[in-house]
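Dear colleague,

I am passing on the structure we spoke about, and below it you will find a few notes on its backbone. Please read them with the model open beside you.

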Amino acid sequence: MKRVLCLGAGLVARPYVEYLTKHGFHVIVASRTLHKAQRLISGCENAEAQQFDIEKDDDLLEELTKSVDLVCSLLPYTYHVKAAKVAIRHGKHFCTTSYISTEMMKLDESAKAAEVALLNECGVDPGIDHMSAKRIIDDIHRRDGRIVKFTSFTGGLPAPEANTNPWGYKLSWSPRGVLLAGRNDAHFLRDGKEVKIPGRELFASCEIMEIPGVGVFEGYPNRDSMSYIEIYGIPEVQTILRGTLRNVGWCSTLKSVVDLGLLGLEPQNLEGMTYREMMRRLVQSQDENVESAVARKLGIPEEDPIIKRLEWIGLFDDRPIPAGTGTYLDALCHLFEEKLQYEPNERDMIVMHHEFVADFGDHQERTTSTLVDYGIPGGDSSMSRTVALPVAIASRMILEGTVTLTGVLRPVMPELYNPILDELESLGIRFTERTEQI
């Protein structure tokens, strides 16, 4: 029986472990918190829990890696390269769902020399977005078409019936990750011209998007879209934009959060301070009515929904900021963690929407491809399934020898994306595609 080491027992690990154990593999779940790993493997045959701290247990990492055939890191991205280096040293394959970092890319030659795969970006976004887009792009190219326009937007959101708070959002992954994403610069191509948007202006650059059969959302650009011209093999493209979907109202609220300095990462002395006092400091006002001072700072009426959202989340509360909070962003994270949770049996939702315009010389075609997937009430979230299942399927393919690629990889080649997408469809994760001449 082949063996897999799963590093991490967080929100998305359960479907990974469950899929592989059901398909005859033994999985070791290694987590800093042993009881989380034990709880995660409950009901899974051929699984074991192991206490492990990636920051301290170097000898244990070596020992565990030697004992398995493949390592999957579901830890924060900062630890992937450390684990990947150990995997290469012992000739073991390695998978993760995170973006390929510069440091990871530097391992390409050594991975090829060791004849192992280092598969990255095999989750939902990045992951399913790459695979579903590349399958359509390759089909258009096979039919001698040229990609004129490609846009892709993804959002992890509450299902409509679970959209019950003023922010239109609930947490299906780390609140810190959600907020840090709002600091990223964006770089994309529109009508042949490069567009660069600094992180502080990101949320002022959203657009209203209607996705047929799903609803109306806000979409804003996500990081560096330009690199995907080469990754997807579309040098002819005139517009390429990858972005994030949120419910209406999110962008104006997060723009205000940015303008107030609440995403600041600079160390702050917040010891003994209340949230209301922190807001007074941020707007540099001694007014008794902090809400009015914040509204003036933002240039909006006090009755604006943005002020109501800031109030609802707890930023005007006379209660202490948790001890040990070191930055404004951390202070906001505490409130997100408390207020934006799913209730028992509530469903989350993943929405992914691609649009392509292709030129065939004598005509043009517009193709849309849309994924809408819901969590299972009382079971796995859609976020956990769509992140974990692609990398679980890829792990199975590598272990069974149907994938023989080596080096640092992302799933943009047919031998990866076709079987993974087909297997996902059999598990109920499927796209609806429509093509029309324009």
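In which loop is the place of Pro126? This is a predicted model, and in it Pro126 lies in the loop between strand 6 (117–119) and helix 7 (128–142). The peptide bond that leads from Asp125 to Pro126 is cis, with omega near 15°. As background, most peptide bonds are trans, and most residues other than glycine have a negative phi.

Two residues deserve a look for their phi values. Glu115, which is not a glycine, has a positive phi near 60°, and this residue is found in the loop between helix 6 (108–113) and strand 6. Its relative accessibility is 63%, and because exposed means over 50%, Glu115 counts as exposed.

Asn345 also has a positive phi, of about 75°, although Asn345 is not a glycine; this residue is found in the loop between helix 14 (328–339) and strand 13 (348–359). With a relative accessibility of 55%, Asn345 counts as exposed.

A last point concerns Gly324, whose place is in the loop between helix 13 (305–313) and helix 14. Is Gly324 buried or exposed? At 68% relative accessibility, Gly324 counts as exposed. From C-alpha to C-alpha, Gly324 and Asn269 are 9.4 Å apart in space, while 55 residues separate Gly324 from Asn269 in sequence.

With best wishes

Definitions and conventions: Residues numbered from 1 in each chain as written. Predicted model: local features only at pLDDT ≥ 70, side-chain atom pairs only at ≥ 80, totals over all residues. Heavy atoms only, no water. Helix = DSSP H or I, 4+ residues; strand = E, 2+ residues; numbered from the N terminus. Buried < 20%, exposed > 50% of the residue type's maximum accessible area, 1.4 Å probe, protein only.
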